[in-house]
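Open the structure in your viewer and get ready to select residues one at a time. Each stop says what to pick and what is there.

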Amino acid sequence: MQVGYYGATCPDADAIVRQVMERRFYNDNTIAPAIIRMLFHDCFVTGCDASLLIVPTPTRPSPERVAIPNQTLRALNIVNAVKSALEAACPGVVSCADALALMARDSVALLGGAAYDVALGRRDALHSNSWEVDLPAPFSSLDDTLRHFAAKGFTADETVLLFGAHTVGAAHCSSFRYRLARPDDGTMDESLRCDMVGVCGLADQPAAADDAMTFLDPVTPFAVDNAYYAQLMSNRSLLQVDQEAATHAATAGYVAYYAANPDAFLQRFSEVMAKLGTVGVLEGDAGEVRTVCTKYNTS
């Protein structure tokens, strides 16, 4: 892979993706956090290969998209819009995996993050299986999560940086509701706990059918900034694994550093997003370049 990979075959690829993203973001700024999350969910399974985008069919009924962690993904229609624009300009050239990586980069920029270059040349997967989806759960221990990230090549520092994506994220009540019944364990600010009980109810009460969502960073929910780390240090995280990062020996120093250094966070976050987009990529003759992101070129 290399920056400028499509210089000869689709020189306007970057601009095409950016234009679609800017237009869609203007109408709905929630798509940008959704795209960042989508890249993570794609890359952390079989690599950044667009396997997540495949829809089920009668002959292949269980792609990654039907796995439980992926059932709440949003903005998949935006990927289709970007791919359609690319196909109109350069048929059969730009892979869906590259399109998603570019969309994530533009999402970071649209949310105020630092710009970064994206090496291109990914190919699209020829298989997608729900049983291969093994993503860290929000209620996992931090030790388990660190091992999971390490297996993908990320250090403790880089894992804390990727947690920083939650500065523009949201969580369903089902991800943290179990924590709300523990007012005296010191892991959640009491005023936050009371607020969330009002939104989600307690774990021993019937769950709401709509599984409400709430911002992980209610102060600046649509800005890539370091505010989330200050919330971790004040016990104001909804997710157990994030909160544990503020006190764990392997990560507490990084949380404190990024809480105190906004510019360092912006730069390092973009660097680790660029690295995320290189996990397990297919190159050369591996895979294919799909013409439609939701289905393989051949059945």
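The tour below makes three stops in a predicted model.

**Stop one: Pro136**

Select Pro136. In the unreviewed UniProt entry, this residue carries the annotation "binding site". Look at the backbone around Pro136: this is the loop that runs between helix H4 (96-110) and helix H5 (142-151). Is Pro136 buried, partly exposed or exposed? Its relative accessibility is 22%, so Pro136 counts as partly exposed, because buried means under 20% and exposed over 50%.

Now show what surrounds it. Leaving aside residues up to four places away in sequence, Pro136 touches Phe40, Thr145, His148 and Phe149.

**Stop two: Phe269**

Move to helix H11 and select Phe269, which lies there. Phe269 counts as buried, at 2% relative accessibility. Which residues does Phe269 touch, not counting those up to four places away in sequence? Add Val108, Leu161, Gly164, Ala165 and Val224 to your selection: these are the ones.

Keep Gly164 selected and draw a distance to Phe269, C-alpha to C-alpha. The two are 7.5 Å apart in space, with their positions 105 residues apart in sequence.

**Stop three: Ser270**

Stay in helix H11, which spans residues 262-276, and select Ser270. Ser270 is buried, and its relative accessible area is 1%. Set aside residues up to four places away in sequence, and Ser270 touches Val108, Ala114 and Tyr116.

Finish by selecting Val108. Phe269 touches Val108, and Ser270 touches Val108 too.

Key
Residues are numbered from 1 along each chain as its sequence is written. This is a predicted model: local features need pLDDT of at least 70, side-chain atom pairs count only at pLDDT 80 or more; totals for chains, interfaces and linings use all residues. Side-chain values use heavy atoms; hydrogens and water are left out. UniProt positions are given in the numbering used here, feature names are shortened, and annotations may be inferred rather than shown by experiment. Helices (H or I, at least four residues) and strands (E, at least two) are DSSP runs, numbered from the N terminus. Buried means under 20% relative accessible area, exposed over 50%, partly exposed in between (1.4 Å probe, protein chains only). Contact means heavy atoms within 4.5 Å.
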